[in-house]
Amino acid sequence: MVLALVHGLGYPSGGAQEVRALAMLADAAIGAGSYPLAAEQCARAVRAVEALRRTASRLGGGEDAEEDKAREADERRDKAKQAQANAETAADHAWRACFALGKSAWSDAPARLEALGQALTLCPPERIQDLLPTWTVLEREVAQDALRGQKDGAAAGLGASVSSRTGAGAAGG
């Protein structure tokens, strides 16, 4: 419903304002503890930013002064600059929402790590240092959980083979 309102106000689907609305929805979902919904909104925002960046790249490339008249070349450059500005505005909203999800209290550490990865790919280079400590702590947590799972699985497998041997020995004796 919120996105319908954004579109109803005349903003294009997949544009920077839609990404802003998705980021606000993600923040609200985080605040309400609805982390899977926040992850969905963040993923939609990331896809929209990627599409905006592809559009900006397509508009910015392929200038050929011999084929384009000067005025057409200027218009193309202006459109490319506007598309780039929209993509960067959208990326700013998206990375902040992804970072908030990554820092949240959600118990799904791998999903939080994915959100932090998205934030790292979208944030400006000068902000990476702010995200890396959170990434490092969470990455360590995910790795420790994986090791615990492997140890538990190995212990369960060992227990099953011991009980099957003792069961077979008792039946044969």
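**View 1. Cys123, a buried cysteine.** Let us start at Cys123, which counts as buried, with a relative accessibility of 7%. Like everything shown in these views, Cys123 belongs to a predicted model.

**View 2. Cys98 and Cys42, two cysteines without a bond.** Cys98 is buried too, and its relative accessible area is 0%. Which cysteine sulfur is closest to the sulfur of Cys98? That sulfur sits in Cys42, at 4.0 Å. A disulfide needs two cysteine sulfur atoms within 2.5 Å, so the distance between Cys98 and Cys42 is too far for a bond. For the structure, the count of disulfides is zero.

**View 3. The whole chain, built from helices.** Stepping back for a moment, you will find six helices and zero strands in the protein chain. Following the sequence gives the pattern α-α-α-α-α-α. Of the 173 residues in the chain, 30% are buried. Among contacts with a separation of 6 or more, 58% join residues that lie 24 or more positions apart. On the outside, the chain exposes about 10600 Å², and 56% of this area comes from carbon and sulfur atoms.

**View 4. Helix 2 and the glycine after it.** Helix 2 covers residues 16-32, which makes 17 residues. From its first C-alpha to its last, helix 2 reaches 24 Å, close to the 24 Å expected. Which residues of helix 2 are buried? They are Ala16, Glu18, Val19, Ala21, Leu22, Ala23, Ala26, Ala29 and Ile30. As you look along the helix, it helps to know that an α-helix has 3.6 residues a turn, so residues three or four places apart point the same way. Just past the end of helix 2 comes Gly33, where phi is positive, at about 80°.

**View 5. The largest nonpolar core.** Now look inside, where the largest nonpolar core brings together 40 residues. Val19, Val49, Leu101 and Leu131 have the most contacts within this core. Helix 1 (2-8), helix 2, helix 3 (35-60), helix 4 (70-103), helix 5 (109-122) and helix 6 (128-172) each contribute at least two residues to the core. Which helix gives the largest share? Helix 4 does, with nine residues.

**View 6. Val19 and its neighbours.** Let us finish with a closer look at Val19, a buried residue of helix 2 and one of the core residues with the most contacts. Leaving aside residues up to four places away in sequence, Val19 touches Ala45, Ala48 and Val49. Val19 also touches Ala90, His93 and Ala94.

Technical notes. Residues numbered from 1 in each chain as written. Predicted model: local features only at pLDDT ≥ 70, side-chain atom pairs only at ≥ 80, totals over all residues. Heavy atoms only, no water. Helix = DSSP H or I, 4+ residues; strand = E, 2+ residues; numbered from the N terminus. Buried < 20%, exposed > 50% of the residue type's maximum accessible area, 1.4 Å probe, protein only. Contact = heavy atoms within 4.5 Å. Areas by Shrake-Rupley, 256 points an atom, 1.4 Å probe, with all protein chains shown as cover. Expected span 1.5 Å × (residues − 1). Core = buried A, V, L, I, M, F, W, Y, C linked by side-chain atoms within 4.5 Å.
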